[in-house]
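Work through the exercises below with the structure open. Try each task before reading its solution.

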Amino acid sequence: MNKFLLLLISCTVFAQTSFAQTKSKKFSNEGEFTSNCEGPAVDSEGNVYAVNFARDGTVAIMSKKGSASFFVTLPKGSTGNGIRFADKNTFFVADFTGHNVLKVNLLTKDISVFANEPKMNQPNDLAITAKGHIFCSDPNWKEGTGQIWHVSPEGKTRLVAENMGTTNGIDVSPDEKKLYVNESVQRNVWVFDLAPDGSLSNKKLLHKFEDGGMDGMRCDIEGNLYIARHGKGEVAVLSPEGKVIQTITTIGKKVSNICFGGKNGKTCYITLQDRGCLETFKANTAGREWAMMKAFEEVNKK
């Protein structure tokens, strides 16, 4: 068993018997981000990052209290969407206008093209394994179609799922044996079997919503999926079996993405495109990405 899985198991001590919060509250100031407000992700110090601060093509850093400032400006022609950390000092950004996955160094603020794939429609959101395998949702909004790309730890792209609907939110299960992806327009949430080399198989429908849209989503350490219901003003929580077990009501309606942070990994940060800001709420269980960051910190100590 790898160290990440061991840490996930140990993190379950933070779980509680009832959900802590059913409504979000304000985090950052309204109107600071554009209508493409997305991301978000949390570093080892608890700072929150989100894209398109003040103007498209930027990344902001926010303190634990929600104070935002410019962190980096992406290369000309690039616009960020989903952000995922690959280690303590590195995060990747889905660049939907440049057809890239960009790599950002937190310490130097250097930005490089990790992967470029001209065949991508518009890389939207990212999921990542502990060993650095990246999965990129790739919707074609005009045609109502989509696909999924795998990006190897060396930066090589490979199409691993095609002929789908508008693929958007995407994440890996805590045991890294499943990949989840949703289709915004079709309102489907799919689950694939995930092989160690990044190959996908055995596609199954996990859940279908009857109304509202979907955008980004993230797993907690127990395998529950937290799904941004874009246009609905909600975050829906699905069990690993596909049952809706909680709904969090948000202030804004256009919830675009979500991440986990905070002292115990249970603080959720969500981006709101209609309000141009972030909101926050408390989850019952720590997030998988928070547990990954704790594992990254342990590696750095050695």
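The exercises go from overall fold to cysteines to one tyrosine, and the model is a predicted one.

**Exercise 1. Overall build**

Task: Count the helices and strands in the protein, then judge its radius of gyration against that of a compact globule.

Solution:
- Start with secondary structure. The protein has two helices and 24 strands.
- Take the extent next. The C-alpha trace spans about 45 × 45 × 45 Å along the principal axes.
- Now the radius of gyration. A compact globule of 302 residues would come near 19 Å, and the protein has 17 Å, so the value agrees with a compact globule.
- Add the contacts. Among those with a separation of 6 or more, 47% join residues 24 or more positions apart.

**Exercise 2. Surface and charge**

Task: Find what share of the residues is buried, what carbon and sulfur supply of the exposed area, and how far apart the mean positions of the charges are.

Solution:
- Of the 302 residues, 60% count as buried.
- The protein exposes about 12,300 Å². Carbon and sulfur atoms supply 49% of that area.
- There are 37 positive and 33 negative charges. Their mean positions are 4 Å apart.

**Exercise 3. Cysteines**

Task: Determine how many disulfides the protein has, and explain why Cys136 is not bonded to Cys219.

Solution:
- Recall the chemistry. A disulfide is a covalent bond between the sulfur atoms of two cysteines.
- Set the cut-off. The two sulfur atoms must lie within 2.5 Å.
- Apply it to the protein. The count is zero disulfides.
- Check Cys136. Its closest cysteine sulfur is in Cys219, 17 Å away, so the distance is too far for a bond.
- Check Cys268. This residue is in no disulfide either, and the nearest cysteine sulfur, that of Cys259, is 7.8 Å away.
- Look at burial. Cys136 has 0% relative accessibility and therefore counts as buried. Cys268 is also buried, with a relative accessible area of 0%.

**Exercise 4. The setting of Tyr269**

Task: Place Tyr269 in its strand, decide whether Tyr269 is buried or exposed, and list some of its contacts.

Solution:
- Locate the residue. Tyr269 lies in strand β23, residues 267-272.
- Apply the cut-off for burial, under 20% relative accessible area. Tyr269 has 5% relative accessibility, so it counts as buried.
- Compare sequence and space. Tyr269 and Glu279 are 10 residues apart in sequence, and their C-alpha atoms are 5.9 Å apart.
- Set aside neighbours within four places in sequence. The contacts of Tyr269 then include Phe27, Pro40, Val42 and Val48. Also among them are Ile258, Cys259, Leu278 and Glu279.

Methods
Residues are numbered from 1 along each chain as its sequence is written. This is a predicted model: local features need pLDDT of at least 70, side-chain atom pairs count only at pLDDT 80 or more; totals for chains, interfaces and linings use all residues. Side-chain values use heavy atoms; hydrogens and water are left out. Helices (H or I, at least four residues) and strands (E, at least two) are DSSP runs, numbered from the N terminus. The radius of gyration is taken over C-alpha atoms; the globule rule is 2.2 Å times the number of residues to the power 0.38. Buried means under 20% relative accessible area, exposed over 50%, partly exposed in between (1.4 Å probe, protein chains only). Contact means heavy atoms within 4.5 Å. Accessible areas come from the Shrake-Rupley method with a 1.4 Å probe; for residues, only the protein chains shown count as cover. Lys and Arg count as positive and Asp and Glu as negative; His and the chain ends are not counted. The place of a charge is taken as NZ of Lys, CZ of Arg, CG of Asp or CD of Glu.
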